[in-house]
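Hi,

Here is the structure I promised to pass on. Please open it first, then read my notes below.

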Amino acid sequence: MSLDWNAIQEKWRERWDKEKVFETEPQADKKKYFVTVAYPYPNSPQHIGHGRTYTLADVHARYMRMRGYNVLFPMGFHYTGTPILAMSKRVLAKDQELIDAFIRLYKVPEKEIESFTEPVNIARYFHNEIKKGMREMGFAIDWRREFTTMDDAYTKFIAWQFRKLKEKNLVVQGSHPVGWCPNDGNPVSQHDTVGDVEPEFTEYTLIKFSLEQYKVPTATLRPETIFGVTNLWINPEAEYAHVKVDGENWIISNRCVEKLRFLNRNVEVQNTFMGRELVGKKVTIPLVNRSVTIFPANFVEPKDGSGIVMSVPAHAPYDYQALEDLKRNKTLLQNFGIDDGQLEAVKPVVIIESEGYDGVPALAVINKLKIKTQDDPKLEDATADLYSHEFYKGRMLNNTIRYAGMNVAKARDEVKKDMLENKLADTMLELIKSVTCRCGTECVVKLLSDQWFINYSDTNWKSHAHECINSMELVPDEIRPEFDYTVDWLKERACARKSGLGTRLPWDKEWIIESLSDSVIYMAYYIIAKYINDYTLSNTELNDYFFDYILLGKGSADEVAKSCNTSVELLNRIRDDFEYFYPVDARHSGRDLVPNHLTFFIFNHTAIFTKSEWPRQIVVNGSVLMEGKKMSKSMGNIVPLRSAIREHSADAIRISVLVAAELLQDADFTLDAVKGIRERLERIYNMCKRFTKEELGQLELEDRWIISRLQHVIESSTMAMDKLRVREALHNIIYSMDQDVQWYLKRANAKERTDESISGVMGYVLDARIRMQAPFAPFVSEEMWEVLGNDKSIMHRDWPQIDQSKVDYAADESEILIMNLVADIQNIIKVTKIKPNKIFIYTAAEWKWNVYRKILDAIIEGKTNFGEIMKLLVSDQKTSNVKQSPDMVKRIIEDVLSDPLDSRHRKAELGTIKESKIFDDAKSLFVKEFAAEIAVYNEDDVGKIDPKNKAKMARPYKPAVYIE
Ligand SMILES: [Zn+2]
């Protein structure tokens, strides 16, 4: 019977609400655990991809609760910023593409869309949708603490945060570069860009080549390679201009003209022309004074750098490949009047030597990666590989004048410095990768004057951020270098805009604080929000004294209470709450927020709070693929979470987004997987109905085994969960436990045991298993829990603990012995194609056990040498007859060595086991499995039947088999 999942979900949602199980208050006798996850931005409904981060946080919260912690897991909604505003403008302009997306993709009723001309209505609508989805997913959220970043009380809190930063000189006004949208006239950050890319920029060197009275600048990150320049590249089909830049004559692309103006350079355009006019012209390399030709190249983007590129084929794989491609297409050059000889004369000039590369390094990398044309995406890897290899290992050759012998890192700085001093070069800030604003405009770098910045350049602040990172747990730890890198890399960051939703800068009201700046310490606000929501606290009376007292413990309660017209008692209650719940114990987020939000979160906590309130852990996860493909609106493969829940159940979705990949990897969501998980959960549910719990009673071998196995699963799953290796835990709890139960039922079934006789054992196993499954699949686990005869929510029960008295090595090894023998016999039948009538099983003679145990002990002591072991055996009277069977010794050594370490120790502890007794116990299974008569003999048995003389092959744990 398949389950009515929607009914189960509804039933338990109502029950949880009624019993207020997720509402968390401080409890003096209980340790707290504060889990938070980056609050959602409500400009669309959540889809399966969002499901992963929030589910992981929820599983974490539920797990810690079962481990006995008083867990607080709250949620808010982030309205701040420009995207919602931009959306609303598009609705007002009747943008059909957006309206279609609302209707078809997001299923928004048309009536609602009409109201979307008011931006806050968009936020409210999707806020509501997301909240419903979170409840339907079963997230254990304390909703009493919900807020939006437009709430009056929240804006007061943000204003306080900014006054704190300003007091400490961490918010400054000045001129600094920012990522910028020329169309919107606003700075851009990750939230504002297509594909959520954080605009990162850096300083390029502009090498000034000479062409008559003009300078032809080319942008590069490797100025030291000018000694290897063989030609320049220009796009013949793009527009260029003769310009005067701060008084000097330059030739650059039209696109570069605009970019230089955003960088506050004085640019006068004299005339424009097509790139083709410069093809074939000669320029002189500065510093080197060699002359090279300008070649045509369609791959040169006029928007990148100056639109003209220097070509260093020996050290830049792109240039090398482009020259090769040009040689194959000579007509292109002939059209420009350049003869073959001129092209053939271009030979790569190697100027850097580095360990591991002979000849032309660019060619070596191209060959290594099997690159054939300049369109090959692997060229990017080739470039990056060579770039870092030469940076760390390269040394300048003799053809680089006074830089010869220097390492590349040093030469890069020296060449740049010398050229800048001699006006042979200039600099230009440029985006490292191109970034598009959500409005469709290509972003640029702008030097912004009189803008408000958060000064992430402050070295003292950086060192505090590093200190916080060093003191905290990062899950998984391999993400640590990304945080340290970001802290080092971050510079002044524009923190306010002239438009958008959000809090006004308290001392300069024409500015609105942007979304990655008002979302860094809000976890503290959850404590206050509860009192605003239940009207105990009025937002009109909140002031800086209030926040100072609650969040920093500053001031006297009497005076603060007076100043904000509230009671001392209430103030102290809120302060106590804060002291109880803070700091944040775990912060969850997607990996894409490492270079901004998560690092800002660290920075701002160290600036505002005392060290004891700094965050303790960050958990980062990868994204979700849909049937192997990246999810995107254009692909049309975005599955909204709420409809997925209706179709597949919340529990199956929760498990499938967590079981598919390790934390940092992308998880592939497939319909097959989600269906398989749902069926598996239904099977477990049916088991709960079948086995009503009773006393354990008299235990058979398989009973002892499954109970012992359960202890191992508890142990390994607990260890995995403590490190949030949820994939591994799920594999244990769901998949390997399932296999074990199947084996157990097969054994019991072969012995014709009744359900009643195994019900106690199955009930015991299910009890622990369902408790371990509950954080992952909360709804169906509650249902199973109830079926097992429990009347209280599973939320009140503990995570199971290992019972050492039930760990049973003998049972563990016995069942493995039986499983292995079944597999061996199956194999023999498969290979020989015999239809068995009778199966003879021979267990090893006693002397072999003496040999086995001696070898096992020797190997555990670290002796694995055959000769040494042989000597040991021969010198002992009990095992000295091995002289006649050195082969047997070799085999046993191999047996032991192929055993895992823990199994070796278990076996050493067990000593000699009675294999024949074990096989007798499993006889019914063999008979049923192979439909044959079974005879078990010991090699020592005098009356054994051994027609093919197989018994002598038997070894401990490796019985011999004969089939007829
Ligand atoms: Zn824009």
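The notes below cover cavities first and then one sheet.

This is a predicted model, where local features need pLDDT of at least 70, side-chain atom pairs count only at pLDDT 80 or more, and totals for chains, interfaces and linings use all residues. Residues are numbered from 1 along each chain as its sequence is written, and side-chain values use heavy atoms, without hydrogens and water.

**Cavities**

A cavity is a set of points on a 1 Å grid over the protein atoms alone where a 1.4 Å probe fits but cannot get out; lining residues have an atom within 4 Å of a point. Points are joined across faces, edges and corners, and a volume is the space filled by probe spheres set on them. There are three cavities of 30 Å³ or more. The largest has a volume of about 270 Å³. It is lined by 19 residues, with E198, P199, F201, E492 and R493 closest to its centre. The second largest cavity holds about 70 Å³. Its lining has 14 residues, and G81, T82, R497, E514 and S515 lie nearest the centre.

**A sheet**

Strands here are DSSP runs of E, at least two residues, numbered from the N terminus. Two strands pair if DSSP finds at least two bridges between them. Three strands form an open, mixed sheet in the order β28-β27-β29. β28 (933-938) and β29 (960-963) each have a single partner strand, so one side of each lacks a neighbour in the sheet. Strands β27 (residues 838-843) and β29 run antiparallel, joined by four bridges. I841 has V961 in β29 as its bridge partner.

Best wishes

Note on methods:
1 Å grid on protein atoms, 1.4 Å probe; cavity = no way out; pocket = protein on both sides within 12 Å on 5 of 7 lines; lining within 4 Å.
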